[in-house]
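Here is a friendly walk through one protein chain, with a pocket, a helix residue and a pair of cysteines as the stops. Please keep the viewer open as you read.

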Amino acid sequence: MRNLERRYRALLKVLPAWYRRDREEEMVGIFLAERDDDLDLEHSWPGWGETGAVLGLAVRTHLAAGAAFPSVPAKVVWRGEIVRALGMLGLLLGIYHTTASAVQIFTLFGGPYFADLTWWRLLDLGPLVAFPALLSGRRTLAKVAAAAPALLSVTALVQPGPAALMWTVFQLPSLLTFACLCLGFHREAPVPPARRLLWWGGGAVVLGVVGGIAASEGLLLLALVTVGARVFAFVRGDAVFGRALSWFAGLQLAPLVFMLLVWDQLVASGTVLVVLLALAVVAPVRRRPKAAPQIG
């Protein structure tokens, strides 16, 4: 085996074993088809374009949709559906934060802090664009729009000091679910069911209004709704939604605990919600008999 072939095979290890078992030899043959120079075979490396294509294929196969790959194992299908459900929960979380922020800005109109608002706050509206774009199948537009508030969060993280640490903790659910959105909704992924999810989007707007009025208690409201949705998923027998909510509840534990340490007056109710979120993380999921994976 020449060095170039060895490097191609090492690159292909990012693909899942079930996919490499059927396609590795074919792919290596294609990569080496026109590379027969001895110097090239000893000292060359896979090109950037080939590396990018393999990494993109790795995402699509590790988070596969059943219709895209006929031989995909069932556990891989469930993994992909859970990641896509987490990405959708992140979009709903973005709608909640956008609505809550808009309510707070409206209540600050003419107040002492209203002058601090700048044009970049318009980027907070990204989830309101990303949600309908994803439901209509425009994945790239949805990811770009959802990236706007995520970009603001990442920019704030580079600022030193305790404020950056606090911001990191509170933005953790949004950033990780945004990553799930980008990875899960690849080009072979199915379009989410619009009719069902529009109700969830409307619910996120209503919760955002309540959260904007409740201010600091909005995080507690979000945690309570997450626990309620987790119970709903269990009763419904939706294992995908239930497992995604378990991860989502885990992401909310860090900012909630942080908030309890800062605002002592919320210790009583917050401690109860921390316990409920922890139970939501570890609670089993119940799968509806012979049900196909589904989001929401």
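What volume does the second largest pocket have?

## The second largest pocket

In this predicted model, the volume of the second largest pocket comes to about 240 Å³. Its lining is made up of 15 residues. If you want a starting point for your view, Leu89, Leu92, Trp200, Leu207 and Val225 are the ones that lie nearest the centre of the pocket.

Which helices each supply at least two residues of this lining? They are helix 5 (74–108), helix 9 (194–214), helix 10 (218–236) and helix 11 (239–262). In chemical character, the lining of the second largest pocket has 13 nonpolar residues and two polar ones, with no charged residue.

## Thr99 in helix 5

Helix 5, which supplies at least two residues of the pocket lining, also holds Thr99. Is Thr99 buried or exposed? Its relative accessibility is 12%, so Thr99 counts as buried, the limit being under 20%.

Setting aside the neighbours within four places in sequence, Thr99 makes contact with Val205, Gly208 and Val209.

## Two cysteines without a bond

How many disulfides does the count come to? The answer is zero. Cys180 is in no disulfide, and the nearest cysteine sulfur to its own, that of Cys182, is 9.5 Å away. Why is there no bond for Cys182? The closest cysteine sulfur, in Cys180, is 9.5 Å from the sulfur of Cys182, which is too far because a disulfide needs the two sulfur atoms within 2.5 Å.

The surroundings of the two can be described as well. Cys180 has a relative accessibility of 16% and therefore counts as buried. Cys182, at 27%, counts as partly exposed.

## How confident the prediction is

Across the protein chain the pLDDT averages 81, and 82% of the residues score at least 70. Among the elements, helix 6 (residues 126–135) has the highest mean pLDDT, 92, while helix 3 (residues 38–43) has the lowest, 77.

Two stretches deserve a separate word. Over residues 110–115 the pLDDT is below 50, and this stretch has four contacts in the model beyond near neighbours in sequence. Residues 290–296 also have a pLDDT below 50, and there the model shows 24 contacts beyond near neighbours in sequence. Where pLDDT is low, predicted coordinates should not be read in detail.

Terms used: Residues numbered from 1 in each chain as written. Predicted model: local features only at pLDDT ≥ 70, side-chain atom pairs only at ≥ 80, totals over all residues. Heavy atoms only, no water. pLDDT = per-residue confidence, 0-100. Helix = DSSP H or I, 4+ residues; strand = E, 2+ residues; numbered from the N terminus. Contact = heavy atoms within 4.5 Å. 1 Å grid on protein atoms, 1.4 Å probe; cavity = no way out; pocket = protein on both sides within 12 Å on 5 of 7 lines; lining within 4 Å. Points joined across faces, edges and corners; volume = space filled by probe spheres on them. Nonpolar A, V, L, I, M, F, W, Y, C, P; charged D, E, K, R; others polar. Buried < 20%, exposed > 50% of the residue type's maximum accessible area, 1.4 Å probe, protein only.
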